[in-house]
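Student: I would like a close look at one part of this model, the open sheet, and then at how that part sits in the whole. Please keep it brisk.

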Protein chains: 2
Amino acid sequence: MKKTITLAQGNGGAENHALIKEIFWRHLGNEILDRGEDAAVLEALERPAFTTDSFTISPLFFPGGDIGKLSVCGTCNDLAMMGAQPRYLSLSVVIEEGFELRMLEKIVRSIKKELPHNDALIVSGDTKVVPRGTVDGLFITTSGIGERRCEGIGISQIQPGDAIVVSRDIGRHGAAIFAAREGMELESALESDCASLWPQVASLLEAGIKPHALRDATRGGLAAVLNEWAEANNLCIEVEEEEIPVSNEVRGICELLGFEPAFLANEGTFVLALDPADVPLALEILEAFPGGEEAMRIGEVKGDYPGKVVLNSPWGTRRFLDWPTGELLPRIC
Amino acid sequence: MKKTITLAQGNGGAENHALIKEIFWRHLGNEILDRGEDAAVLEALERPAFTTDSFTISPLFFPGGDIGKLSVCGTCNDLAMMGAQPRYLSLSVVIEEGFELRMLEKIVRSIKKELPHNDALIVSGDTKVVPRGTVDGLFITTSGIGERRCEGIGISQIQPGDAIVVSRDIGRHGAAIFAAREGMELESALESDCASLWPQVASLLEAGIKPHALRDATRGGLAAVLNEWAEANNLCIEVEEEEIPVSNEVRGICELLGFEPAFLANEGTFVLALDPADVPLALEILEAFPGGEEAMRIGEVKGDYPGKVVLNSPWGTRRFLDWPTGELLPRIC
């Protein structure tokens with residue numbers, strides 16, 4: 001096999017078949033995928049959840065992860081946020097002619113490595129190769145099916161009086177990608193928070209906590225999640241600015257560049273709306289996970305501005321935390 | 001809203017949210033999608049099938065369809081080929097900055113129009129906008145979940161003595177895309193066969209026919225399907241060359257350019273391996289569908305070359321029909 005991807009490897013013929021076998025099936029094979037059918041035959045699903053995400057991140061490899069790991073985490077996390085245990089994933093890859101084969105293999109290995117954290121399998125896939133210049137490197141789309149382990153988690157379940165918790169310090173993914181893209185040399189090892197969140201969610205559910213809503217704070221960051229929740233329910237959410245956990249590295253990049261940490265993307269950080277009585281146990285559980293020692297109760301569903309998010313400063317002033325707008329960072333995920 | 005897509009519309013913030021609401025939710029909305037959760041909550045699935053496909057076709061609009069229609073047909077057909085009724089689709093779109101909004105809306109309308117042929121819903125989606133030059137126009141990835149209405153359809157079920165049938169004349173999609181791309185003015189109205197195949201499969205199953213294997217002859221065409229079947233089972237498939245239905249328009253393009261019709265892609269044509277006793281009824285059923293008057297029994301699982309496909313010419317000579325190789329037509333689907 002050549003060292004770079006050729007158009008022939010996307011032809012539906014011999015070379016395409018060989019690529020699929022030697023890269024994808026070899027690393028990701030399992031009883032279902034190995035059947036090589038057009039569609040994977042699955043066992044009965046009692047309470048399925050279903051989601052999809054495309055990944056166009058640049059650079060493909062970044063501190064704390066790569067597009068392969070990200071594509072598994074991103075899709076599995078969307079399932080976890082509905083209280084669903086990830087089970088089956090599909091993997092669709094669009095590759096630019098000339099892409100290095102060893103890079104592709106490295107990405108596929110990352111996918112393989114991340115799957116067990118979710119107890120998930122790749123059961124269906126597609127590979128397209130497009131001519132040089134029609135895609136930048138490689139894009140991945142992963143869809144996922146999970147089994148809901150807890151009913152009634154959802155935006156509409158958020159109630160006045162709910163506590164708002166974040167699972168760790170925010171903004172790492174956005175700041176790390178920005179730094180990597182700009183070739184910034186940082187003194188500290190700032191890494192993306194990119195991680196699978198099902199283990200955290202499973203632990204919360206096992207402990208008997210029933211969150212009202214969960215959401216990973218990806219594109220648009222914490223601000224997008226809170227605004228979506230406030231707007232959808234026409235409720236006000238009040239957040240204490242000084243309670244929002246932000247690492248020194250992320251704060252430094254934000255101050256340097258004039259970013260708002262709450263607008264930065266995360267890929268392994270989630271927001272919880274839950275009964276205030278559940279907060280102490282939830283924090284205790286979250287603390288056992290990487291970065292979880294920064295888990296914080298940051299606010300509450302209350303206040304005088306329905307549909308809006310209010311930020312209370314430590315000096316007693318208040319302002320709206322609006323939806324992020326503008327270009328922010330393209331290709332952050 | 002501007003007339004062309006902006007990077008801000010992929011930011012995860014206000015503009016992104018507005019695009020999703022005004023284009024995707026407006027046209028494709030349903031009870032499940034409208035909940036706006038990270039993952040769609042579905043009812044129990046007794047015998048699920050799951051598949052994915054990315055679509056990178058150029059041009060986006062072609063005689064007989066567009067990338068929107070194609071993305072629904074392609075994914076639903078993969079389900080239908082496993083005897084599964086399409087139910088739930090996800091829709092992930094990567095859009096180039098500057099893409100025309102009215103084109104996007106036209107594509108979304110096509111998606112909407114094709115869904116009822118499969119009785120399917122879009123229940124989950126993702127929208128990414130990437131900077132100019134990092135994707136050529138728009139790529140779509142659709143994944144699908146179906147319910148199997150018939151067990152035991154699959155490559156491994158193919159047996160010696162099985163009849164091989166094609167559902168209509170072959171090569172239309174490949175020939176139509178080639179002609180469109182080269183700006184060829186054809187006297188006749190050559191159109192892609194792009195169509196949803198679940199209605200045909202449902203009719204076959206309802207009539208009590210249990211095919212051993214079904215496969216839509218997409219990239220790599222008829223040749224790829226037959227070679228995959230022969231190779232996977234280490235069986236020989238013999239095909240009568242003169243029985244393969246090819247329209248005059250497609251034959252004309254093939255002769256002009258030195259293509260093999262059996263290598264050309266199809267997007268609404270499938271191959272059946274079934275009990276020879278079922279062939280007359282299967283042909284009668286297929287004839288009722290567009291192009292189905294050309295449905296033909298073209299060969300049989302028999303012969304002396306395990307793992308190979310043999311083509312018998314009308315003059316008594318025989319040759320192997322090999323896997324397609326080389327670049328063929330990039331971005332055919």
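Tutor: Start with the sheet in chain B. Seven strands build an open sheet there, in the order 9-11-8-12-10-13-14, and the pairing is mixed. At its edges stand strand 9 (213-216) and strand 14 (318-320) of chain B, each paired on one side only. Neighbouring strands of this sheet are turned against each other by 25° on average, direction ignored. Keep in mind that this is a predicted model.

Look at one edge of the sheet. Strand 13 (residues 309-312) of chain B and strand 14 of chain B run antiparallel, joined by three bridges. For a concrete pair, take B:Asn312: its bridge partner in strand 14 of chain B is B:Arg318.

Now the sheet in chain A. The strand order is 9-11-8-12-10-13-14, the sheet is open, its strands number seven, and the pairing is mixed. Strand 9 (213-216) and strand 14 (318-320) of chain A are the edges; each has a single partner strand, so one side of each is left without a neighbour in the sheet. From one strand to the next, the twist averages 25°.

Another pairing can be checked in chain A. Strand 10 (residues 237-240) of chain A pairs with strand 12 (residues 296-301) of chain A in the antiparallel sense, over three bridges. Within that pair, A:Val239 stands opposite A:Gly299 of strand 12 of chain A.

Next, the domains. Chain A divides into domain 1 (4-148) and domain 2 (155-320). The centres of domain 1 of chain A and domain 2 of chain A, taken over C-alpha atoms, are 28 Å apart. Their contact takes 21 residues from domain 1 of chain A and 21 residues from domain 2 of chain A. About 1700 Å² is buried between domain 1 of chain A and domain 2 of chain A, and carbon and sulfur atoms give 63% of that area. Three residues lead on the domain 1 side. A:Pro63, A:Asn77 and A:Met81 supply 35% of the area that domain 1 of chain A buries against domain 2 of chain A, more than any other three residues. The salt-bridge count between domain 1 of chain A and domain 2 of chain A is zero.

Then the two chains. The size of an interface is often given as the accessible area lost when the parts come together. Between chain B and chain A, the buried area is about 5900 Å², with carbon and sulfur atoms giving 57%. B:Asp38, B:Phe50 and B:Arg219 supply 14% of the area that chain B buries against chain A, more than any other three residues. The contact pairs 79 residues of chain B with 79 residues of chain A. Ten salt bridges are counted between chain B and chain A. One to inspect is B:Lys21 with A:Glu231, where the closest N and O atoms are 3.6 Å apart.

How are the copies related? A turn of 180° with a shift of 0.0 Å along the axis lays chain B on chain A, with an RMSD of 0.0 Å. The two copies are thus related as by a two-fold rotation axis. The same surface serves both copies, as 100% of the contact residues of chain B recur in chain A. Of the residues of chain B, B:Val135 comes closest to the rotation axis, at 2.2 Å for its C-alpha.

Last, some backbone details. Most residues other than glycine have a negative phi, and most peptide bonds are trans. In chain A, a cis peptide bond joins A:Ser58 and A:Pro59, with omega about 0°. A:Pro59 sits in the loop between strand 2 (48-55) and strand 3 (61-62) of chain A. In chain B, the peptide bond from B:Ser58 to B:Pro59 is cis, with omega near 0°. The place of B:Pro59 is the loop between strand 2 (48-55) and strand 3 (61-62) of chain B. A:Asp119 is a residue other than glycine with a positive phi, near 55°. Look for A:Asp119 in the loop between helix 3 (101-118) and strand 6 (121-130) of chain A.

Notes:
Residues numbered from 1 in each chain as written. Chains lettered and ligands numbered in written order. Predicted model: local features only at pLDDT ≥ 70, side-chain atom pairs only at ≥ 80, totals over all residues. Heavy atoms only, no water. Least-squares fit on C-alpha atoms with pLDDT ≥ 70 in both. Contact = heavy atoms within 4.5 Å. Pairing = 2+ DSSP bridges. Helix = DSSP H or I, 4+ residues; strand = E, 2+ residues; numbered from the N terminus. Axes fitted to C-alpha atoms, helices over the stretch in contact; angles between N-to-C directions. Domains from an automatic or database assignment. Buried area = accessible area lost by both parts, 1.4 Å probe. Salt bridge = Lys/Arg side-chain N within 4 Å of Asp/Glu carboxyl O.
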